[in-house]
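User: I'm new to this one. Please take me through it one question at a time.

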Protein chains: 2
Amino acid sequence: MSQSNTQRAISELRQLIFSGVLPAGSDHLESELAERLDMSRTPVREAALMLESQGLLAMRPRKGVRILPVSADDMREIYDVLTELEGLSAERAAGYGYGDDDLTALAASIADMDKAVEARALEDWAEADDRFHTELVRLGRNSRAVAIVGMMQDQVRRARATTLYIRPIPTQSNADHRGVLDAIGAGDGALARRIHTRHRDQAKRMILELLEKHRLHTL
Amino acid sequence: MSQSNTQRAISELRQLIFSGVLPAGSDHLESELAERLDMSRTPVREAALMLESQGLLAMRPRKGVRILPVSADDMREIYDVLTELEGLSAERAAGYGYGDDDLTALAASIADMDKAVEARALEDWAEADDRFHTELVRLGRNSRAVAIVGMMQDQVRRARATTLYIRPIPTQSNADHRGVLDAIGAGDGALARRIHTRHRDQAKRMILELLEKHRLHTL
DNA sequence: CTGGCAAATAATGTATACATTAAATTTCAA
DNA sequence: TTGAAATTTAATGTATACATTATTTGCCAG
């Protein structure tokens, strides 16, 4: 069962947006995108509607779909929501009495970040960091939180593509991650939440300062 | 510029779902819904896609769209997310130095709840309670939180339609609301968050116990 | 009578044709 | 020349026709 064209359109459009082929702020006609993806307007429209509801683009009558830029203020909003929902997840995860084998994926992502930092492999670090946050929320067992965080990570990923090489090497970051892991393993929900919240708040401040400093008001 | 059929389909389908005309768990063909709304399948499909992404229904190939029931576990998830995002909003709102005139809408909703409780007008109470939560999040100035809370309030509303008349009269509730309002006015973010979080957690416990007691596993 | 295969059926997924309408362009009068 | 009205244009919004495919039904063999 080859997946539907609508699904293909969603993932290919996302690809095009994340890779910068469709730059933030640019406009594109439905027919143009349909031709590019070699399908009719119908699945493209359906895909665009989905991506619109996820905040990646806006459909504007007779102006085409606009790839939405991510502003510094957007980043503030996104980080605030992520902080809350991941904090919740960390606290809840600690309450489920997970054993070491339940936490292998989380531990592995931390180990990978360590390795990546040492090797100065920023892309690898970013990938492992994504995995950490995704896995953390999964452990929190709230499907809605998982969905929301997943959506917003997309936007963070977009911003990170620009800021990855101008930010400091994330070394402190991993101490926090390990702290969260340990607190979850120890069943201390309040601690897990506290550490993670602080971690995310620092990340937010850092990113916002970076954007400010480099006059990156939109990404 | 009469609004598009897709928009109409979205609001009419929501209406049909919330009113129970399309009961939870029921299946409906796209063509059937199209005929009922007196339009073609295209806008109905687009509307269904939107409502699917909002968790109100699921489109299942060749089985029609299924109106999703809300389980007790769904309610737990929803309340957990609402608690976090509204808690965040309360804290942030306190930081913006709002004056009395900025808080009139919030204060009005509380006053209306008081009146409704006294008059035993449960529907009115529910409406004012909705307004309180919506306004609270608005004051937090995070458009993403506003959108998410709005979506989830839809589901809460659905559950409340069933539980409204079997739950205790909400009297304690208003003391909490007033506490949150005062804390915001006083600029005490931590307090505003603490009160609101406790409030929501109690509401969650109450609802879940109610569902348990009345064997309402799905709504 | 039963089980499996084949044909028919019925629903979604997709393409395309058409309607609608905002925007742009052109024309005409002051 | 300028401005407004009318016409044209071009894009989306919608309807419909068609393709695809899972399911179901019915037939036939064992």
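User: How much of the interface of chain B is also interface in chain A?
Analyst: This is a predicted model, where local features need pLDDT of at least 70, side-chain atom pairs count only at pLDDT 80 or more, and totals for chains, interfaces and linings use all residues. Residues are numbered from 1 along each chain as its sequence is written, while chains are lettered from A and ligands numbered from 1 in the order in which they are written. Two residues are in contact if their C-beta atoms, placed from the backbone, lie within 7 Å. The copies meet through the same surface, because the share of chain B's interface residues that are also interface residues in chain A is 100%.

User: What kind of axis relates chain B to chain A?
Analyst: Superposing by least squares on the C-alpha atoms of residues with pLDDT of at least 70 in both copies, you can lay chain B on chain A with an RMSD of 0.0 Å. Doing that takes a turn of 180 degrees and a shift of 0.0 Å along the axis. That is the relation of a two-fold axis.

User: And which C-alpha of chain B sits nearest that axis?
Analyst: Look for the one that is 3.0 Å from the axis. In chain B, it belongs to B:Glu84.

User: Which helix gives the most to the side of chain B that touches chain A?
Analyst: The contact takes 16 residues from each of the two, chain B and chain A. On chain B's side, H3, H4 and H7 each supply at least two residues; helices here are DSSP runs (H or I, at least four residues), strands are E runs of at least two, and both are numbered from the N terminus. With seven residues, the biggest giver is H4(B).

User: How many residues of that side are charged?
Analyst: Ala, Val, Leu, Ile, Met, Phe, Trp, Tyr, Cys and Pro count as nonpolar, Asp, Glu, Lys and Arg as charged, and the others, Gly among them, as polar. Chain B's side that touches chain A then has eight nonpolar residues and three polar ones. The charged ones number five.

User: Now the DNA: which helix has the largest share of the surface near strand C?
Analyst: Near means a C-beta atom, placed from the backbone, within 6 Å of the strand. Of the 17 residues around DNA strand C, A:Ser4, A:Asn5, A:Met39, A:Ser40 and A:Thr42 come nearest. Two or more residues each come from helix H1 (5-18) and helix H3 (41-53) of chain A, together with helix H2 (30-37) of chain B. The largest share, three residues, belongs to H3(A).

User: What about DNA strand D, which helix leads there?
Analyst: Around DNA strand D there are 17 residues, and B:Ser4, B:Asn5, B:Met39, B:Ser40 and B:Thr42 come nearest. Helix H2 (30-37) of chain A and helices H1 (5-18) and H3 (41-53) of chain B each supply at least two residues of that surface. The largest share, three residues, is from H3(B).

User: How far does helix H6 of chain B reach?
Analyst: Helix H6(B) spans residues 122-139, so 18 residues. At 1.5 Å times one less than the number of residues, the expected span is 26 Å. From first C-alpha to last, H6(B) reaches 26 Å.

User: Which helices of chain A help cover the buried residues of H7(B)?
Analyst: A residue is buried if 20 or more other C-beta atoms lie within 10 Å of its own, exposed if 12 or fewer, and partly exposed in between, with C-beta atoms placed from the backbone. In H7(B), the buried ones include B:Ile148, B:Met152 and B:Val156. Their cover includes H1, H4 and H6 of chain B, along with two helices of chain A: H4 (72-94) and H7 (143-163).

User: How many residues are in the other core, apart from the largest nonpolar one?
Analyst: A nonpolar core is a set of buried Ala, Val, Leu, Ile, Met, Phe, Trp, Tyr and Cys residues joined through C-beta atoms within 7 Å. The largest has 72 residues, and A:Leu85, A:Ile184, A:Ala192, B:Leu85, B:Ile184 and B:Ala192 touch the most other members. Apart from it lies another core, with A:Ala47, A:Leu56, B:Met50 and B:Val65 among its members, and its size is 32 residues.

User: Is A:Arg62 buried or exposed?
Analyst: Most residues other than glycine have a negative phi. A:Arg62 has a positive phi of about 60 degrees, and lies in the loop between strand E2 (57-60) and strand E3 (64-67) of chain A. With 5 other C-beta atoms within 10 Å, A:Arg62 is exposed.
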